[in-house]
Amino acid sequence: MHFDWPYFWAQLLTPSLAFLNGLGLTVVMAVSAQLLGFVFGLILALGRLSTNRVARGAAGAYIWVVRGTPLLVQIVFIYNGLAAAGILDFHDLHVLGVTFAGNLQAGILALAINEAAYMAEIYRAGISAVDRGQFEAAKALGMPPSMMMRHVVLPQAFRIILLPIGNQFNIMLKNTTLVSVIGVSEMLLVTETINSATFRTFELYSVVAIYFLLLTSLWNLFMAWVERHFALSRPNSATPQAALVLQE
Amino acid sequence: MSEFLVEATEVEKWFGPIKVLDRVDFNVRRGEVVVLIGPSGSGKTTLLRCINHLEHIQRGRIAVNGVLIGYRERQGRLVPDAERNIARQRRDVGMVFQRFNLFNNMNVLSNISLAPRLLRGTRPAEAEAEARALLDRVGLPDKAEAYPAELSGGQQQRIAIARALAMQPAVLLFDEPTSALDPEMVGEVLGVMRDLARSGMTMVVVTHEMGFARQVADRVVVMAEGRIIETGVPEAVFSAPEHPKTRALLSAVLH
């Protein structure tokens with residue numbers, strides 16, 4: 001076995017500008033897709049739990065299709081498929097001197113669409129885990145459903161689903177590599193490009209793996225802090241500061 | 001307006017194939033304290049939960065303050081009412097649950113002041129002052145900042161009563177308010193309820209506390225198998241029960 005240590009260390013400690021740009025794109029994609037996934041997912045979950053048959057059916061169908069098909073297929077479908085059919089072509093956007101590439105938009109959208117389906121199920125599990133008595137007490141006071149959700153149910157559901165959310169973002173960080181297939185120069189695609197010129201495959205893929213491990217480890221540390229802050233180890237005993245944060 | 005605050009007529013309720021309320025007529029006057037007793041499965045809790053439409057009825061009608069709840073009359077037929085209208089009507093019907101159901105995500109003060117702030121438009125400072133006054137009334141002035149998980153069952157139930165009172169309801173429904181409590185905490189909750197009754201509050205109480213029924217009730221209603229089998233002033237029902245099932249119930253709980 002030959003492992004080029006000097007090359008490995010150089011790539012790891014003094015990465016190229018292209019690689020750092022790729023790192024930036026990875027983080028930007030993961031964060032924006034996750035945030036969009038939170039919002040879409042909540043809407044979907046409320047749809048699934050709604051008494052309205054149409055909303056329930058539509059949300060159920062969305063979740064069924066998105067969770068039942070591969071993310072890689074969804075990414076290509078949204079970027080290349082829709083364009084080929086003449087339905088939607090993603091053009092580069094120029095906002096305030098920053099270029100927002102078409103394939104990046106499609107990549108974030110695809111990741112968000114996928115994430116929303118999983119988040120919807122997590123929200124639904126969280127909402128279902130809130131004691132029925134909490135719903136009834138809110139109703140009995142005369143709260144309409146939206147108010148009951150916002151002030152009573154969701155703050156409690158949110159606390160229950162913090163750990164699954166942490167898990168989802170961990171997966172999201174790594175799933176961004178799939179967007180390389182539509183040419184977004186995130187870390188993996190940059191690595192592939194360097195590799196095709198140098199053939200230092202073992203060293204280069206070790207470096208990209210370590211960078212992902214670094215990202216997910218930072219996220220783990222953050223989640224560990226969140227866990228302590230919200231005292232998740234003590235179920236059903238909302239700590240005062242956690243409850244204050246969740247309430248408003 | 002009707003002389004009755006709560007007026008239930010010919011109410012029928014089914015859980016699947018099982019009839020849990022069978023043509024029940026049940027009325028409550030303003031200021032009256034009515035205690036519902038009966039063996040478990042007799043339908044007393046279900047009847048109570050129908051009054052604020054936590055349970056839906058299949059036949060008959062229930063009116064609170066002269067207005068139908070849960071349904072609306074259209075061309076002589078009853079159709080389900082909009083969720084918003086039901087919510088509006090529930091503001092005037094307070095409920096105290098067997099398992100307290102305080103909101104776990106907020107402290108005592110917020111538990112009490114949330115609904116008046118959101119639903120009655122009470123200003124926060126005013127809602128807080130009212131909440132503190134209610135805490136005094138239920139004997140827990142020092143628990144304003146506590147969280148439900150930090151309180152005993154008896155304390156939680158007294159706060160649940162304060163929370164219901166904060167909406168200034170026309171009637172308060174109690175669903176076995178002491179059944180989930182340790183024996184030594186039953187007294188403090190019944191004490192608060194007794195004070196409330198004395199203050200002229202209209203109350204419907206489902207309970208197994210016969211002592212409370214005897215002392216506080218204006219009227220005792222006995223249910224069995226989804227029907228009201230006997231009703232009368234406490235002295236009559238407790239000392240000279242007419243229905244054999246009432247006698248069986250009383251001898252079971254009093255001895």
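Across which strands of chain B does helix α1 lie?

**Figure 1. Helix α1 of chain B against the strands.** In this predicted model, local features need pLDDT of at least 70 and side-chain atom pairs count only at pLDDT 80 or more, whereas totals for chains, interfaces and linings use all residues. Residues are numbered from 1 along each chain as its sequence is written, and chains are lettered from A in the order in which they are written. Helix α1 (residues 44-51) of chain B lies across β3 (33-37), β8, β9 (171-175), β10 (202-206) and β11 of chain B, contact meaning heavy atoms within 4.5 Å. The helix runs at about 150 degrees to β9(B) (axes are lines fitted to C-alpha atoms, for helices over the stretch in contact; angles run from 0 to 180 degrees between N-to-C directions).

**Figure 2. The open sheet of chain B.** Six strands (DSSP E runs of at least two residues; helices are H or I runs of at least four) follow the order β8-β9-β10-β3-β11-β12 with mixed pairing. Pairing requires at least two DSSP bridges between two strands. β8 (93-96) and β12 (227-232) of chain B are the edge strands. Neighbouring strands are turned by 20 degrees against each other on average, direction ignored.

**Figure 3. The β11-β12 pair of chain B.** Five bridges join β11 (residues 219-224) and β12(B) in the antiparallel sense. B:V221 has B:T231 in β12(B) as its bridge partner.

Note on methods: Heavy atoms only, no water.
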